[in-house]
Amino acid sequence: MIRFQTLLLYRIIRGIAMNRTLNYVINKEEAGLRVEQYLKRKGYSSQNLAMIKRMPESILVNGVHYYMRQTLEEGDHLTVQIKEERCSDKIPPVELPLNIFYEDEDIIVINKPAGMPVHPSLNNYYNTMANALAWYFKEQNKPFIFRCSNRLDRDTSGLTVVAKHLVSAGILSTMTGKKEVRRNYLAIVSGHVTPAEGTINAPLARKEGTIIERTVDWERGETAVTHYKVIKTTKHHSLVALALETGRTHQIRIHMKHLGYPLIGDYLYNPDMTLIGRQALHSHQLSFIHPMTGEPMTFTAPLPDDMQKVLETDE
């Protein structure tokens with residue numbers, strides 16, 4: 001029954017377009033550029049431009065249809081009209097709690113709860129953040145393509161950003177590759193971390209015999225760098241702030257264990273669930289330049305209740 005309803009919902013919204021209009025005014029230094037050159041300077045990828053070309057009347061200059069190779073002049077008003085009708089049809093819309101921290105025409109910042117996967121997989125097809133967003137868009141009669149720019153483990157809570165159209169997605173992807181999307185985490189670890197501040201530089205690789213676990217591997221590992229600072233200590237634990245220089249799988253979890261202070265509740269690397277039923281890791285702060293406006297954006301999500309309870313119990 002659920003699969004039938006999902007197919008029906010997809011057919012209902014498939015014919016509805018997601019529209020985004022972007023306006024630019026050409027200055028003296030930009031005069032003489034072709035439309036495609038100008039847009040590439042704005043961060044549009046070659047793939048973005050190829051897709052926009054196929055959209056009807058997607059490029060207007062002073063209200064007149066232009067081709068990508070036509071030249072711009074000072075004072076021209078360039079309009080890019082994005083119209084997307086395609087849906088992520090393999091992501092069923094499901095009504096689930098969704099904590100939207102920020103939203104505009106280009107991005108959505110979500111405060112994801114622990115226990116919610118980011119995207120569907122074989123064993124998690126109807127309970128993910130992507131399902132919740134598909135429902136959210138369906139309720140607005142808008143098509144939905146899932147474009148998450150920084151993914152979190154299922155049991156890691158906190159902030160992640162999702163692009164709402166192909167251009168913001170492409171620019172955020174480029175920024176992520178250049179380490180321009182900065183993520184800061186909070187973790188509760190066993191013991192009193194010494195020294196209280198430092199950098200862990202230990203390469204990580206897949207652990208032999210498993211496709212899930214990673215380990216420090218000085219011969220085969222990829223570079224992994226984590227900066228940490230103790231924020232608070234309780235009787236048996238430390239609350240640690242962490243900033244990633246690299247984004248390897250399970251990087252924080254392995255690095256803190258390597259230092260001798262594993263995250264509590266980590267079923268893979270420190271399976272002690274006495275105080276919390278998941279790894280005590282929270283994506284606390286997310287900072288980046290807005291992909292379309294260029295405005296600096298910083299979002300901070302407070303420590304979730306389950307982690308806060310651990311600290312209060314152990315004082």
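Colleague: What is the order of the strands in the open sheet of four strands?

Modeller: Start with the general idea. Strands of a sheet pair through backbone hydrogen bonds, either parallel or antiparallel. Here the order is E1-E4-E2-E3, and the pairing is antiparallel. Helices (H or I, at least four residues) and strands (E, at least two) are DSSP runs, numbered from the N terminus. Two strands count as paired if DSSP finds at least two bridges between them.

One caution before we go on. This is a predicted model, in which local features need pLDDT of at least 70, side-chain atom pairs count only at pLDDT 80 or more, and totals for chains, interfaces and linings use all residues. Residues are numbered from 1 along each chain as its sequence is written, and side-chain values use heavy atoms, with hydrogens and water left out.

Colleague: Which strands are the edge strands?

Modeller: Strand E1 (18–25) and strand E3 (64–65); each pairs on one side only. E1 is joined to strand E4 (residues 77–84) by eight antiparallel bridges. To check the register, take Val 25: its bridge partner in E4 is His 77.

Colleague: How many helices and strands does the protein chain have?

Modeller: Seven helices and 15 strands. The C-alpha atoms fill a box of roughly 70 × 55 × 40 Å along the principal axes.

Colleague: What is the average pLDDT of the protein chain?

Modeller: pLDDT is the predictor's confidence in each residue, from 0 to 100. The chain averages 91, and 95% of the residues score at least 70. Over residues 1–15, the pLDDT is below 50. That stretch has 16 contacts in the model beyond near neighbours in sequence. A contact means heavy atoms within 4.5 Å. Element by element, helix H1 (residues 2–14) has the lowest mean pLDDT, 40, and E9 the highest, 98.

Colleague: Let us take E9, then. With which strand does E9 pair?

Modeller: Strand E9 (residues 197–201) pairs with strand E12 (residues 225–233), antiparallel, over five bridges. E12 also pairs with strand E13 (residues 237–244), again in the antiparallel sense, over seven bridges. Three residues separate E12 and E13 in a hairpin. Follow Thr 226 across. This E12 residue is the bridge partner of Ile 200, and in E13 the bridge partner of Thr 226 is Leu 244.

Colleague: Past E13 comes a loop. Is Thr 246 buried or exposed?

Modeller: Buried, at a relative accessible area of 12%. The cut-offs are under 20% for buried, over 50% for exposed and partly exposed in between, using a 1.4 Å probe and protein chains only. Thr 246 sits in the loop between E13 and helix H6 (251–259). Its side chain makes a polar contact of 2.8 Å with the side chain of Gln 251. A polar atom of the Thr 246 side chain also lies 3.0 Å from the backbone nitrogen of Val 225. A polar contact is a pair of N or O atoms within 3.5 Å; within protein, one must be able to donate a hydrogen and the other to accept it, and residues adjacent in sequence count only if both atoms are side-chain atoms.

Colleague: Now the interior. Which residues have the most contacts inside the largest nonpolar core?

Modeller: In soluble globular proteins, nonpolar side chains tend to be buried together. A nonpolar core is a set of buried Ala, Val, Leu, Ile, Met, Phe, Trp, Tyr and Cys residues joined through side-chain atoms within 4.5 Å. The largest has 37 residues, with Tyr 24, Leu 39, Tyr 44, Ile 59, Leu 78, Val 80 and Phe 288 making the most contacts inside it. Helix H5 (residues 166–177) gives the most to this core, with six residues. Apart from it lies another core of 36 residues, including Phe 144 and Tyr 261.

Colleague: Where is Ile 59 placed?

Modeller: In strand E2 (residues 59–61). Ile 59 is buried, with a relative accessible area of 2%. Among the residues that Ile 59 touches are Val 35, Leu 39, Met 68 and Thr 79. Thr 79 is 20 residues away along the chain, yet the two C-alpha atoms are separated by 5.9 Å.

Colleague: Last, helix H7. Why are its buried residues on the same side?

Modeller: The buried residues of H7 (residues 305–313) are Met 307, Val 310 and Leu 311. They are on the same side because they cover an arc of only 95 degrees around the axis. The arc is that of the directions from the helix axis to the C-beta atoms. These buried residues pack against strand E8 (182–190), E13 and strand E14 (281–289). The face turned away carries the exposed residues Asp 305, Lys 309, Glu 312 and Thr 313.

How values were computed: Lists of a residue's contacts leave out its neighbours within four places in sequence.
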